Amino acid sequence: MEKYKYTQTWFLQVEIKDELLNFISDKDEHNILEIGCFEGLSSVFFSDNLLNYPSSSMICVDPFLTINNNDHNEFLRGEAEANFDYNISQSKNFTKITVYKTTSDDFFLTNDQTFDFIYVDGCHLPDFVSRDMENSFKCLKVNGIMWMDDYCKTTECKEAMDNFLKLHINQYTIIHKGYQLAIKKLSPIDNESCYEIYVLSYNNCEREERMIKRFNEIKITPNICSFKENDNRVRILIENGVDKSHAGGLGCFFNFLKLMEDFYANSSKEFGIFLENDVFIKKQLGFDLPNVCYNLKKLNLDVLLIGYLLDDTPDAWGLTLLHIDEFGNKYYDFGDNVYGTQGFILTRSQAKYFIDKYTIDYVLDTKETIAADWIYTKQGNKALLYPPLVVEEGIIEGNHYGQVSFHRSCKEFLYNDSFTS
Ligand SMILES: C[S@@+](CC[C@H](N)C(=O)[O-])C[C@H]1O[C@@H](n2cnc3c(N)ncnc32)[C@H](O)[C@@H]1O
């Protein structure tokens with residue numbers, strides 16, 4: 001630090017300098033693009049740490065005072081540009097740096113190179129942020145990292161970045177979200193992201209058709225799996241004296257288990273999303289799921305309940321708030337109080353845990369209550385997501401008035417026009 005000249009040390013306050021080396025190695029080849037360099041504190045960090053491999057290179061883009069309306073004018077009037085020139089000349093891999101003293105828009109007009117790491121820290125006006133993200137993402141290599149400063153600087157900055165995330169859903173994974181935002185570009189093959197969706201389809205054609213229509217509307221293809229009335233495991237249990245009146249609940253339990261077995265055997269995704277087939281789906285499901293899965297991992301959860309029976313807010317139900325994510329979604333500890341298996345997410349290892357544990361021999365011997373909403377959403381490190389991602393239609397068969405009206409009032413409370421109809 002002593003040999004360099006800085007008047008501002010913004011870069012020392014942000015997460016990238018501690019986090020970046022968790023995602024890229026200082027020993028590999030890197031082709032870096034940096035938009036917005038100022039005195040070169042970030043440029044020097046990249047030059048000193050990431051350009052060691054012989055063929056590595058970095059392009060630095062900053063117009064300094066060559067344009068009239070630079071949003072950093074007030075900082076640039078002094079020695080900033082001279083400091084930049086001096087600082088990078090002192091950095092470890094100076095000879096691998098090319099500088100463009102122009103705007104990022106002008107740079108992108110003629111650029112034909114691609115990069116595996118791009119740091120976006122130029123003009124912070126929302127239109128500029130959007131264009132820098134769009135243009136950068138186009139020349140970002142698959143598996144490359146795009147790291148944005150000032151995600152939380154202003155609501156406008158955040159909105160611009162969130163809009164980019166919405167527009168490019170399934171084309172990236174979020175690898176960091178704090179004051180800064182960082183994403184990794186996915187290849188078109190794995191752009192379905194980190195999860196696989198399974199819908200347990202009870203044998204009711206109309207319900208199934210409604211679900212297919214809803215998924216078509218939001219452009220997502222789930223695995224629709226038919227409910228097996230004659231599940232072999234239920235038959236064995238009944239032959240062994242289990243009360244027939246429990247067959248329906250047991251059928252549901254084992255059919256969900258079958259979905260988990262399919263997920264574990266046929267998918268390599270990190271998360272399984274399991275849904276019943278009588279639910280309205282959040283229109284932004286494709287946008288919400290990568291973010292929710294990211295938070296599930298961050299909170300070290302095994303299970304996240306995303307569709308359930310609540311007829312009032314979790315706070316009114318007395319649940320404990322664990323976390324609020326960047327998009328305002330709330331994660332609650334729900335103890336044993338909330339029911340419903342309308343929608344839940346399991347990690348791969350939790351699905352395996354259920355598959356291994358609930359063998360027919362175990363179920364025959366156990367005194368545990370074997371029911372889907374007593375087991376699958378009540379074990380492991382668990383939380384409930386509010387607002388939910390799916391809401392039960394609220395049409396239930398049966399003549400227990402309390403149950404029928406409770407389901408109906410849950411639907412009335414939870415459903416709104418952010419869900420499919
Ligand atoms: C926050 S500073 C960069 C700080 C630097 N990355 C660091 O961490 O030390 C923002 C820089 O963006 C530059 N800038 C402003 N408008 C720009 C544009 N249209 N294209 C590229 N850079 C721009 C400014 O000149 C300023 O130097």
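These legends describe close-up views of a predicted model.

**View 1. Residues around the ligand.** The ligand has 22 residues around it. Those that come nearest are F11, G36, F38, G122 and C123. Sorted by class, this shell holds 12 nonpolar residues. Another 7 are polar, and 3 are charged.

**View 2. P388 in its loop.** P388 sits in a loop between two strands, β16 and β17. Strand β16 covers residues 382-386. Strand β17 covers residues 390-392. P388 counts as buried because it has 24 C-beta neighbours inside 10 Å, and the cut-off for a buried residue is 20 or more.

**View 3. Contacts of P388.** Residues up to four places away in sequence are left out here. P388 then touches I306, G307 and Y308, along with G343 and L414. Take the pair P388 and L414: 26 residues separate them in sequence. In space, their C-alpha atoms are 7.7 Å apart.

**View 4. The largest nonpolar core.** This core has 59 residues. F256 and L304 touch the most other members. Helix α10, residues 247-266, gives the most to the core. Its share is 9 residues.

**View 5. Contacts of F256.** Neighbours within four places in sequence are set aside in this view. F256 is in contact with L200, F274 and T341. A372 and Y376 are also in contact with F256.

**View 6. A second core.** Separate from the largest nonpolar core is a second one, made of 45 residues. Among them are M58, I118, Y151 and M161.

Key:
Residues numbered from 1 in each chain as written. Predicted model: local features only at pLDDT ≥ 70, side-chain atom pairs only at ≥ 80, totals over all residues. Near = placed C-beta within 6 Å. Nonpolar A, V, L, I, M, F, W, Y, C, P; charged D, E, K, R; others polar. Helix = DSSP H or I, 4+ residues; strand = E, 2+ residues; numbered from the N terminus. Buried ≥ 20, exposed ≤ 12 C-beta atoms within 10 Å, placed from the backbone. Contact = placed C-beta atoms within 7 Å. Core = buried A, V, L, I, M, F, W, Y, C linked by C-beta atoms within 7 Å.
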